[in-house]
Amino acid sequence: MTNAFLKPSIIDGEIALVRDPETMVPLAEEGEWKTLSPFWTRRIRDAEVIDATASVNASPVKSAGKSREPIAKGD
């Protein structure tokens, strides 16, 4: 099965309380790795949790090419 980094959504200004169906422990506000089961897939579909896997796996973008620092003129 596939794993995903899931975070609870914010609904009406409140963090959604979504409990893991196996442990009954609420999903951590900062997110957790979970195995995608039908339960978690439904929570994503119903916008109760956000799949943040892409943001966790993203690497910093390295700039290519010339430096963006200003060129100092001679004194």
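In this predicted model, strands S1 and S4 run antiparallel and are joined by 4 bridges. One of the paired positions in S1 is Ala-4, whose bridge partner in S4 is Lys-34. Strand S1, residues 3-8, also runs antiparallel to S5, to which 3 bridges join it. Along this second pairing, Lys-7 stands opposite Ile-50 in S5, and Pro-8 stands opposite Val-49. The residue pairs named here are collected below.

| Residue in S1 | Residue opposite | Strand of the residue opposite |
|---|---|---|
| Ala-4 | Lys-34 | S4 |
| Lys-7 | Ile-50 | S5 |
| Pro-8 | Val-49 | S5 |

Taken together, the strands form an open sheet of 3 strands in the order S4-S1-S5, with antiparallel pairing. Strand S4 (32-35) and strand S5 (49-51) each have a single partner strand and stand at the edges, so one side of each is left without a neighbour in the sheet. From one strand to the next, the twist averages 45 degrees.

Helix H1, comprising residues 38-45, packs on this sheet and touches S1, S4 and S5. The direction of H1 makes about 100 degrees with that of S5. Within the helix, the buried residues are Phe-39, Trp-40 and Arg-43. These buried residues fall within an arc of 90 degrees when seen down the axis of H1, so they line one face of the helix. They pack against S1, S4 and S5. On the face of H1 turned away from the buried side lie the exposed residues Pro-38 and Arg-45. Just after the helix, Ala-47 takes a positive phi of about 60 degrees.

The packing of helix and sheet may also be described through the nonpolar core. In soluble globular proteins, nonpolar side chains tend to be buried together. The largest nonpolar core in this model has 8 residues, namely Ala-4, Leu-6, Ala-16, Val-18, Leu-27, Phe-39, Trp-40 and Val-49. The elements giving two or more residues to this core are S1 and H1. Phe-39 and Trp-40, both members of the core, are also among the buried residues of H1.

Leu-27, another member of this core, has contacts beyond the residues up to four places away in sequence. Leu-27 touches the core residues Leu-6, Val-18, Trp-40 and Val-49, and its contacts also include Lys-7, Pro-8, Glu-32 and Lys-34. Of these partners, Lys-34 is the bridge partner of Ala-4, whereas Pro-8 and Val-49 stand opposite each other in the pairing of S1 with S5.

Note on methods
Residues numbered from 1 in each chain as written. Predicted model: local features only at pLDDT ≥ 70, side-chain atom pairs only at ≥ 80, totals over all residues. Heavy atoms only, no water. Pairing = 2+ DSSP bridges. Axes fitted to C-alpha atoms, helices over the stretch in contact; angles between N-to-C directions. Contact = heavy atoms within 4.5 Å. Core = buried A, V, L, I, M, F, W, Y, C linked by side-chain atoms within 4.5 Å. Buried < 20%, exposed > 50% of the residue type's maximum accessible area, 1.4 Å probe, protein only. Arc of directions from axis to C-beta.
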